[in-house]
Amino acid sequence: MKPCIALTKGRLEKQFLEYFQSLGFDIQPLVKKGRKLRVDTEDFQFVFAKGVDVTTYVEHGIADLGIVGEDVLTEFQPDVFNLLPLPFGQCRMALAAEAGGKWPERKRKIASKYPNITKEFFRLKGESVDIVKLEGSVELAPILGLADGIVDIVETGTTLKENGLIIKEEFHQYTARCIANRSSLKIKKDCLTPLIEALQKGEAVT
Amino acid sequence: MFLPAGSQDETGQQINNRFHAYEIFGTVTKRRNFEAISTPVVEYAETFTNQYAGMALQSMLKWFNREGEIEVLRPDWTTAVARALVNQPPSQLKWCYQGSVYRSDKDGMESRQAGIEIVHTPVFLGESECLLTAVNFLRELSISEYVIELGHTGIFEELTAPLHLSPAQLEKLRQAMHDKRKDEVLHLASESGSERAAEELTNLVDAFGSLEVIEVYEKHWKSNHRLVEIIQHLKKLAQLLSDCGVDEILVDLGRVKNLPYYCGTMFRGYLKDNGATCFSGGRYDKLYEQFDEQISAVGLAFDVDVLSDKLPFGKEQEKICLVASEESHAYAEELRKKYTGRIVDIRYALHDSDRADYDQIVDVTKLNKEDKVVDK
């Protein structure tokens, strides 16, 4: 049976395909997939899902390997092998607030898609905060007065800037990572190792 | 009415398979001279969360009792059995158990286990008996497609001992090894200042696979007496398994303990087709230190839910329907004796749609005060 790889849809998917092609793999069936969520190439089966769902498919052994952002891994702590960083998907986690806004002295309210990362960040600082969990467009929260600040990933910083926010502190550097199911890596070692080594070395397969 | 997430009703074959697995387990362990032990479902949380057992309270199903102490539903058998065995005569060396464990971090909260614990027994003998009992049990269940993995806690301990890491750093490194996160292992081990040790630990992440890995590392570590001793021990166990007909044995020399009480050989069984872990266990002498006992202890637990799913649906016994009446019911009951070893159902009427459920249908009628049997 072909190894199954779960791929995070969207920006990471595009970056992975470019990288995958640079290693000499055929990506045509993946580029032409249309709206299909499961695509077979000659050597692999790919499934496409949201980042957190990629970790679920890998944890349950439906997919052998997964390509997912480290932010998702840090937030959800899935029970998988977290094998290696990939040379794309670079971003950083940052605490941001309204430019010129007052950083209140009382207990602060922080909006984030990443409540666990936020909690850990403030715990290490020794500060108690109230966390408001949002699903997206987190930058809105300080502007509309829902929160005093946000904790979110930043790639270029453009979205923050355009919404009048500034970075107060950066605290994690992330990349995309390759993860593996804990059993698959051992039982299917022979067929997974060449791919993992290619992803790690960044060298074309021979 | 609804069920909480993770809870489920079960019927028919699913239950039959589980009973079958428990029954076979009981027979196999009895034949191998294991004594059954059972511990209560409700215990104090402290039994499992103390520094020796080291389990996380968050994952337990718990509540406060009237005295304000935290009680839990049994989250782990090994720890509970260790507590119970301290009060048992040391002459009994081999123990077996079966029943549920309850954890909120597992699918379904309740999972069924069957396991063995061997105490006061020489190291190789105890570990061999554990593994061969597993092989025996799987064979009796007609499960042949599995892989046994061997590992040892001593390798990581030996390689990290010279690094003088703080407990927090060591725990981070252990977690990175557990996740096979090579970049983090390299980063953390490099902080110790020893490039050689960092490289050694990083390479150890990939030291898993067939028995060739053992051969490679036996040569590689030839100048380290402790590591050679560990490698030769694993090699002997692998040889024993091979001699007893186990085809596929893996080693993972980079495996680290995921509970603090493991201290030596660790084993795990995977089903080949779906990769599910069907058993896991290892040596845990340290667990008994909480009772001021120096005891050799080793054990393993089977995941009975995983095994039950794997069992083929057994051939149904022949099903017979005795169609009787209130008057002929006593005679029909008497007739059961004629059909020993088969499933016999008594009904007063049988709809056409139900006939396909039975292999044989027998009318039991009373004619002229005499009971009659008419095969249909």
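## Chain A sheet and the nonpolar cores

Among the contacts in chain A that link residues at least 6 apart in sequence, 67% join residues at least 24 apart. The model is a predicted one, and in it chain A comprises nine helices and eleven strands, while buried residues account for 36% of its 206 residues. Taken along the principal axes, the C-alpha atoms of chain A fill a box of roughly 60 × 30 × 30 Å.

Five of the strands of chain A form an open sheet with mixed pairing, in the order 8-7-9-6-10. Strand 8 and strand 10 of chain A stand at the edges with a single partner strand each, so one side of each is left without a neighbour in the sheet. Direction ignored, neighbouring strands of this sheet are turned by 25 degrees against each other on average. Strands of a sheet pair through backbone hydrogen bonds, and this pairing may be parallel or antiparallel; two of the pairings in chain A are set out below.

| Strand pair (chain A) | Sense | Bridges | Bridge partners |
|---|---|---|---|
| Strand 6 and strand 10 | antiparallel | eight | Met93(A) and His172(A) |
| Strand 7 and strand 8 | parallel | five | Arg108(A) and Val129(A) |

The connection between the parallel strands involves a helix: strand 7, helix 5 and strand 8 of chain A make a right-handed β-α-β unit. Helix 5, which spans residues 115-125 of chain A, lies across strands 6, 7, 8, 9 and 10 of that chain, and its direction is at about 165 degrees to strand 8 of chain A.

Turning to the nonpolar cores, in soluble globular proteins nonpolar side chains tend to be buried together. In this model the largest nonpolar core has 77 residues, and those with the most contacts inside this core are Phe137(B), Val185(B) and Phe302(B). Helix 10 of chain B, covering residues 225-243, gives the most to this core, with seven residues. If residues up to four places away in sequence are not counted, Phe302(B) touches Gln113(B), Ala114(B), Gly115(B), Phe137(B), Cys278(B), Phe279(B) and Leu307(B); Phe137(B), one of these, is itself among the residues with the most contacts inside the core. A second core, separate from the largest one, has 32 residues and includes Leu30(A), Phe46(A), Leu86(A) and Ala180(A).

Methods
Residues are numbered from 1 along each chain as its sequence is written. Chains are lettered from A and ligands numbered from 1 in the order in which they are written. This is a predicted model: local features need pLDDT of at least 70, side-chain atom pairs count only at pLDDT 80 or more; totals for chains, interfaces and linings use all residues. Two strands pair if DSSP finds at least two bridges between them. Helices (H or I, at least four residues) and strands (E, at least two) are DSSP runs, numbered from the N terminus. Axes are lines fitted to C-alpha atoms, for helices over the stretch in contact, and angles run from 0 to 180 degrees between N-to-C directions. Two residues are in contact if their C-beta atoms, placed from the backbone, lie within 7 Å. A crossover is right-handed if, with the strands pointing away from the viewer, the path from the first strand over the helix to the second runs clockwise. A residue is buried if 20 or more other C-beta atoms lie within 10 Å of its own, exposed if 12 or fewer, and partly exposed in between; C-beta atoms are placed from the backbone. A nonpolar core is a set of buried Ala, Val, Leu, Ile, Met, Phe, Trp, Tyr and Cys residues joined through C-beta atoms within 7 Å.
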